[in-house]
Protein chains: 2
Amino acid sequence: MNYSRQREIIFSALKENVVHPTAEYLYSVLKEKDPNISLATLYRNLNQMAEKGLIKKIDGLESASHYDHNTHEHYHFICKKCKKVFDISSNVAPEIVVKTKAETGFEIDSYDIVFSGLCKDCFEDIKEEK
Amino acid sequence: MNYSRQREIIFSALKENVVHPTAEYLYSVLKEKDPNISLATLYRNLNQMAEKGLIKKIDGLESASHYDHNTHEHYHFICKKCKKVFDISSNVAPEIVVKTKAETGFEIDSYDIVFSGLCKDCFEDIKEEK
DNA sequence: CTCATAATTGATAATCATTCTCATTTTATA
DNA sequence: TATAAAATGAGAATGATTATCAATTATGAG
């Protein structure tokens, strides 16, 4: 990853922002420092830095929403390789909610836990490939 | 909510699908049962049913991703009203990961917990409005 | 320092999921 | 059965993000 002035200002703008900004908001901030910066450059750099672990991208699954007829409390696991979504039964969560409510004073009315990684099948596949 | 044949087949298609389908996938299944069904009808009904709690919509925050320079382990809380994203410190999560790994055998390499509800300020605002 | 190569950029078109619009049809009920 | 409310289908519109591509910039060897 070569140096670029644009990446530099993107990273520092992100560090100076307490509220986790969206790309659009960052763009409005960045244009003040560099009126010529391109939206494509911003997205490119955000993705790059997120890949390298320099920043974190907060979002859900991939782009498309998934729908579930099971409305009971449970979590989801999405496999990075095959993109399948699996149910994970819930038996730890209530504690998290109670604890988080106490710590923050926020009114929590829902939460989602999404794990990601490799499902069993894809993990086997990758082992075989080696 | 009035009865509609389309909603009926959407709901049953969803129940018959083990893997949590995307709208696009559901659409391809549904067209076999009703070649005239519209994508708009599908989305409309999925949103409606999710609102009524008949099904669950699995996705992250709102549409746009948020970015975070804090790469330490922590969760997020998104306020339904002001849409701000807050950090929630982590001190329960490792147990969840260990437990989930043991139960499923999946290779979990990351997970996100996103709480949603009302932040303190918005909760106060709403109380005052009453 | 200077050239060659790879990385990066800006501008804009393209994509993809989703929502909106609106005229038409269906459902519920008085 | 008449009427109002709800739902539909088709396609346009939107919003976030990614892809394309020619031009610019960074880097490392000589």
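Let's begin with residue classes: Ala, Val, Leu, Ile, Met, Phe, Trp, Tyr, Cys and Pro count as nonpolar, Asp, Glu, Lys and Arg as charged, and the others, Gly among them, as polar. With that in hand, the residues of the surface near DNA strand D divide into nine nonpolar, 11 polar and four charged. What you have above is a predicted model, where local features need pLDDT of at least 70, side-chain atom pairs count only at pLDDT 80 or more, and totals for chains, interfaces and linings use all residues. Residues are numbered from 1 along each chain as its sequence is written, chains are lettered from A and ligands numbered from 1 in the order in which they are written, and side-chain values use heavy atoms, with hydrogens and water left out.

Let's stay with strand D. A residue is near a strand if one of its heavy atoms lies within 4 Å of it. Around DNA strand D there are 24 residues, and A:Tyr43, B:Asn2, B:Ser4, B:Gln6 and B:Thr41 come nearest. Of the strand D atoms that come within 4 Å of the protein, 75% belong to sugar and phosphate.

Some of this can be followed atom by atom through polar contacts (pairs of N or O atoms within 3.5 Å; within protein, one must be able to donate a hydrogen and the other to accept it, and residues adjacent in sequence count only if both atoms are side-chain atoms). B:Thr41 places a polar side-chain atom 2.5 Å from a phosphate oxygen of DNA strand D. From B:Asn2, a backbone N or O atom lies 2.9 Å from a phosphate oxygen of this strand, and a polar backbone atom of B:Ser38 is 3.2 Å from a phosphate oxygen of DNA strand D.

Which helices supply this surface? Helices are DSSP runs of H or I with at least four residues, numbered from the N terminus. Helix H2 (23-33) and helix H3 (39-51) of chain A, along with helix H1 (5-16) and helix H3 (39-52) of chain B, each give at least two residues to the surface near DNA strand D.

Now turn to strand C. DNA strand C has 24 residues around it, with A:Asn2, A:Ser4, A:Gln6, A:Thr41 and B:Tyr43 coming nearest. Sugar and phosphate make up 75% of the strand C atoms that come within 4 Å of the protein. A polar side-chain atom of A:Thr41 is 2.5 Å from a phosphate oxygen of DNA strand C. Chain B takes part too: an N or O atom in the side chain of B:Asn47 is 2.9 Å from a phosphate oxygen of DNA strand C, and a backbone N or O atom of B:Tyr3 lies 3.5 Å from one. Here helix H1 (5-15) and H3 of chain A, together with helix H2 (23-33) and H3 of chain B, each supply at least two residues of the surface. By class, the surface near DNA strand C has nine nonpolar, 11 polar and four charged residues.

How do these helices pack? Axes are lines fitted to C-alpha atoms, for helices over the stretch in contact, and angles run from 0 to 180 degrees between N-to-C directions. H1(A) and H3(A) pack at about 70°, with their axes 10 Å apart. That makes H1(A) roughly perpendicular to H3(A), a label for angles of 65 to 115 degrees; under 35 counts as roughly parallel, over 145 as roughly antiparallel and the rest as oblique. The contact (heavy atoms within 4.5 Å) includes A:Ile10 and A:Phe11 of H1(A) and A:Leu42 and A:Leu46 of H3(A). By class, this contact has six nonpolar, four polar and one charged residues.

In chain B, H2(B) and H3(B) pack at an angle of about 120°, with their axes 10 Å apart. That makes H2(B) oblique to H3(B). The residues that make this contact include B:Leu26 and B:Tyr27 of H2(B) and B:Leu42 and B:Tyr43 of H3(B). By class, the contact has eight nonpolar, no polar and no charged residues.
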